[in-house]
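Me: I would like to learn how to read a protein model feature by feature. Could you take me through one?

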Amino acid sequence: MDFDTLAIHGGYRSDDTHSSSVPVHRTSAYHFDDTNHAADLFALKQLGNIYTRLMNPTQNVLETRMAALEGGVASVALSSGTAAIHYSVLNICRQGDEIVSANNLYGGTYTMFDSILPDYGIRTTFVDINNAEEIESAIHEKTRLIFAEVIGNPVLDMANIGMLSKIAKKHSLPLVIDSTLTPPCIFKPIEHGANVVIHSLSKWIGGHGTAIGGIAIDGGNFDWSNEKFKNFNEPDSSYHGLRYAKDLGDLTPLCFALRMRLVPLRNLGSCISPDNAWLFLQGIETLSLRMERHNENALKVAKHLENHDQVSWVRYPGLEKDPSHQNAVSQLKNGFGGMVVFGIKGGSEQGAAFIDRLKLFCHLANVGDAKSLAIHPASTTHSQLDEKQQRAGGITPDLIRLSIGIESIEDIIADIDLALSQ
Ligand SMILES: *Cc1c(COP(=O)(O)O)cnc(C)c1O
């Protein structure tokens, strides 16, 4: 079925109650038929519901639908996008292993890689993700994965997933892609060779700023039987010595997702709530309709800002002059996403003042809401850094970040113009 059909029907038709819409299963645990049934579930001889930290029928619909929409084989929904990134790394890496990552990451991910994971023995080398030579020279025998965002922070530079996939394949490494800024109606990283796709569901997929959640989608297209991936090849003593890449038979292509559920999710516990899983399913039903409007509005805002005399620069992958435009045109379908960043003349002080003058835009630290959102990173999210550190991270004092909503474009532009004119 096509994307728009899967978005409505994927993973669910009806259940024992004949409910036409997906029910919210607010239960912590599930009855066993008898002691044999319980024993079989615990021994993985039979797959089924045990406890909602591990799996839940509402969550299962979300996972099936997202895997279908991304062209993956299975997925694991989690309590946040951050948890999905963390567990993807833990599923692959052990102490002493290393990551090669893009340097233009979402702030929380950068902190995880740069200052949290090293304390647990997992180090990251940050690279310019469009520089193939730099990536190749950062890879060595301890590297276990390549990580990038499709559209990076803060200036919306685009990665070339096909190019990254070639490098990853050459070195037998999985390519893990955070595709939060490019929902599957505009880009499917697995089609370009990615092996694991991550979304913060909290953004465009939920789409209304009402819930936090994340998901990791398994492309089923990576050979985990290479011995360097110890997690997949050494016996798991908590499952009778199971070797995930070797003993799962027909389920082997799902071994990344299965292990994520059975090891990090089961034992570290960042499960999604059934209510939030349901909210994300609601969001998915209108995802491609909403993205059409986000894309259209964002392009109009970017073009408007490009010609505004109070604006010194604009970055949006949909602008012909944008350094990422070629990369964007060759990869994205149906539009360029909802984020626009620009530089305001006058620098930091005018940046903060612009935000204060906005009336329609919400001033907050989020993206991917139906509402238009704005933030001035230099005076908020990155204000603890000095100007030199900010610049090193691409946060110039004049940078304004907009997440363009689906309101009337006339009202959005009028709000920007009023704030700029004052
Ligand atoms: C928001 C975001 C995250 C983190 O997701 P949470 O759901 O907030 O934990 C990761 N990556 C990107 C690109 C994001 O925008």
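Reply: What follows goes through helices, strands and a ligand site in turn. Keep in mind that this is a predicted model.

Me: Let us start with a helix. How many residues does helix H10 have, and what does it span from its first C-alpha to its last?

Reply: H10 covers residues 274-285, which is twelve residues, and spans 17 Å between its first and last C-alpha. The expected value at 1.5 Å a residue is 16 Å, and the span is close to that.

Me: Which residues of H10 are buried?

Reply: The general idea comes first. An α-helix has 3.6 residues a turn, so residues three or four places apart point the same way. In H10 the buried set is Pro274, Asn276, Ala277, Phe280, Leu281, Gly283 and Ile284. Their packing partners are helix H1 (3-9), helix H3 (57-70) and helix H11 (287-306).

Me: Why does Ala277 count as buried?

Reply: Ala277 counts as buried because its relative accessibility is 0%, where the cut-off is under 20%. Leaving out residues up to four places away in sequence, Ala277 touches Thr58, Gln59, Leu62 and Ile272. Sequence distance can mislead here: Ala277 and Pro57 are 220 residues apart in the chain, yet their C-alpha atoms are 9.7 Å apart in space.

Me: Now a second helix. What do the buried residues of helix H7 pack against?

Reply: The buried residues of H7 (residues 161-170) are Ile161, Met163, Leu164, Ser165, Ile167 and Ala168. They pack against helix H6 (132-138), strands S4 and S5, and helix H12 (325-331). The ends can be read as well. At the start of H7, a side-chain oxygen of Asn160 comes within 3.2 Å of the backbone nitrogen of Gly162. After H7 comes Ser172, with a positive phi near 50 degrees.

Me: H7 packs against S4 and S5. Do S4 and S5 run parallel or antiparallel?

Reply: Strands of a sheet pair through backbone hydrogen bonds, either parallel or antiparallel. S4 and S5 run parallel and are joined by four bridges. Ile146 stands opposite Leu175 in S5.

Me: Which residues lie on each side of S5?

Reply: In a regular strand the side chains alternate between the two faces of the sheet. In S5 (residues 175-178), Leu175 and Ile177 are on one side, with Val176 and Asp178 on the other. All four are buried, and both faces are covered.

Me: Is Arg144 buried or exposed?

Reply: Arg144, in strand S4 (residues 143-149), is buried because its relative accessible area is 8%. A polar side-chain atom of Arg144 lies 3.3 Å from the backbone oxygen of Lys142. Residues farther than four places away in sequence that Arg144 touches include Asp97, Glu98 and Lys228.

Me: What is the strand order in the open sheet of five strands?

Reply: The order is S8-S9-S12-S11-S10, with mixed pairing. The edge strands, each pairing on one side only, are S8 (311-315) and S10 (362-363). S9 (residues 339-344) and S12 (residues 399-403) run antiparallel and are joined by five bridges. Val340 stands opposite Leu402 in S12.

Me: Finally, the ligand. Which residues come nearest?

Reply: Of the 13 residues around the ligand, the nearest are Thr82, Asp178, Ser200, Ser202 and Lys203. A side-chain N or O atom of Thr82 is 2.7 Å from a ligand oxygen. For Ser200, a polar side-chain atom is 2.8 Å from an oxygen atom of the ligand. Gly81 contributes a polar backbone atom, 2.9 Å from a ligand oxygen. The ligand has 380 Å² of accessible area on its own, and the protein covers 92% of that.

Note on methods
Residues numbered from 1 in each chain as written. Predicted model: local features only at pLDDT ≥ 70, side-chain atom pairs only at ≥ 80, totals over all residues. Heavy atoms only, no water. Helix = DSSP H or I, 4+ residues; strand = E, 2+ residues; numbered from the N terminus. Expected span 1.5 Å × (residues − 1). Buried < 20%, exposed > 50% of the residue type's maximum accessible area, 1.4 Å probe, protein only. Contact = heavy atoms within 4.5 Å. Near = heavy atom within 4 Å. Polar contact = N/O pair within 3.5 Å; in protein donor to acceptor, adjacent residues only side chain to side chain. Areas by Shrake-Rupley, 256 points an atom, 1.4 Å probe, with all protein chains shown as cover. Pairing = 2+ DSSP bridges.
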